[in-house]
Amino acid sequence: MNIKDYFPIWQKLTSDQQNKISEAAISRTVPKGTVIHNGSNDCTGLVLVKSGRLRAYILSEEGREITIYRLFEYDICLFSASCIMNSIQFDITIEAEKDTEMFIIPPEIYKNIMAESAILANYTNEIIASRFSEVMWLIEQILWKSLDKRIASFLLEEATLENSDTLKITHEIIANHLGTHREVVTRMLKYFQEEGLVKLSRGTIEITPLLKSDF
């Protein structure tokens, strides 16, 4: 996997610009649970995911988390280089959900090339717009979708990601993803179990066919 694979506009950059990006890129591997970027005062650089999975979330003053999006293979994270975007201050934390390999492009390198290349600047704006669309979708879910449906959707999404109907996940992790309290998730999952939608055991949630048909 090469740097150019992340940029559909790669061939439209000059050879010098291509070389600067390729030579500056740092390859890094982090274990699950590693915080890669922490808040708007941190400027890690442009993160390009080679393998694994990252989670981007925001933290309330009370310490509650909510996932705003995830990053998979071939995804690019711009908010980890927020210092290159003067008009955007997004206090976001990025953490490895799985062992993850990535490229990191130093922010000053990317910013300098973006300043001289309208093509790269436009592509960067497209990525930003896409991420904000995901944030707006999340806001709509919080405002208009009931918590039981949000939990069910999350469980079904996890089952797809893990390719398994048996999820090794805690109630606290689910609460962190959805921006709610662990106790609320526990009550809702017990209700799901009573309705035959899931089977619960310590640290494990098994999704039944009924959940898939009802949600």
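A residue counts as buried under 20% relative accessible area, as exposed over 50%, and as partly exposed in between. The exercises below concern a predicted model.

**Exercise 1. Classify Y6 and Y74 by burial, and describe how their rings are paired.**

Step 1. Y6 has a relative accessible area of 3%, so Y6 is buried. Y74 has 42%, so Y74 is partly exposed.

Step 2. A pair of aromatic rings is described by the distance of the centres and the angle of the planes. A search of the whole structure finds eight aromatic pairs. In one of them, Y6 and Y74 have their centres 5.5 Å apart and 45° between the planes. Planes under 30 degrees apart count as stacked and over 60 as edge-to-face, and the Y6 and Y74 pair is tilted.

Step 3. Y6 belongs to the segment before α1 (15-24), and Y74 to the loop between β5 (65-71) and β6 (76-77). The pair therefore ties together parts that are 68 residues apart in sequence.

**Exercise 2. State which class the ring pair of F7 and W10 falls into, and find the cluster that contains these rings.**

Step 1. The ring centres of F7 and W10 are 6.1 Å apart with the planes at 35°, so this pair is tilted.

Step 2. F7 and W10 are both buried.

Step 3. Ring pairs join F7, W10, Y110 and Y123 in a cluster.

**Exercise 3. Locate the charged side chains that lie over the rings of F103 and Y69.**

Step 1. Over the face of F103 lies K50, at 4.5 Å from the ring centre.

Step 2. Over the ring of Y69 sits the charged end of R131, 4.7 Å from the centre of that ring.

**Exercise 4. Describe the surroundings of β5 and how β5 is joined to β4.**

Step 1. Seven of the seven residues of β5 are buried, so β5 is largely enclosed by the rest of the structure.

Step 2. Strand β4 (residues 54-59) runs antiparallel to β5, and six bridges join them. Across this pairing, I58 stands opposite I66 of β5.

Step 3. The two strands form a hairpin with five residues between them. In the turn, G63 has a positive phi of about 90°.

**Exercise 5. Give the strand order of the open four-stranded sheet and identify its edges.**

Step 1. The order is β1-β8-β3-β6, and the pairing is antiparallel.

Step 2. β1 (26-30) and β6 each pair on one side only, which makes them the edge strands.

Step 3. β1 pairs with strand β8 (residues 100-105) over five bridges, in the antiparallel sense. Here V30 has T100 in β8 as its bridge partner.

**Exercise 6. Place T34 and account for its surroundings.**

Step 1. T34 is in the loop between β1 and β2 (35-38).

Step 2. Its relative accessible area is 18%, so T34 is buried.

Step 3. A polar atom of the T34 side chain lies 2.8 Å from the backbone oxygen of P31. Leaving aside neighbours within four places in sequence, T34 is in contact with R28, I94, E95 and A96.

**Exercise 7. Compare the span of α4 with the expected value, and list its buried residues.**

Step 1. Helix α4 (residues 147-162) has 16 residues. From first C-alpha to last it reaches 22 Å, close to the 22 Å expected at 1.5 Å a residue.

Step 2. The buried residues of α4 are R150, I151, A152, F154, L155, L156, E158 and A159. An α-helix has 3.6 residues a turn, so residues three or four places apart point the same way.

Step 3. Just after α4, N163 takes a positive phi of about 55°.

Terms used. Residues are numbered from 1 along each chain as its sequence is written. This is a predicted model: local features need pLDDT of at least 70, side-chain atom pairs count only at pLDDT 80 or more; totals for chains, interfaces and linings use all residues. Side-chain values use heavy atoms; hydrogens and water are left out. Rings of Phe, Tyr and Trp (its six-membered ring) pair if their centres lie within 6.5 Å; planes under 30 degrees apart count as stacked, over 60 as edge-to-face and the rest as tilted. Buried means under 20% relative accessible area, exposed over 50%, partly exposed in between (1.4 Å probe, protein chains only). A charge sits over a ring if NZ of Lys or CZ of Arg is within 6 Å of the ring centre and within 35 degrees of the ring normal. Two strands pair if DSSP finds at least two bridges between them. A polar contact is a pair of N or O atoms within 3.5 Å; within protein, one must be able to donate a hydrogen and the other to accept it, and residues adjacent in sequence count only if both atoms are side-chain atoms. Contact means heavy atoms within 4.5 Å. The expected span of a helix is 1.5 Å times one less than its number of residues.
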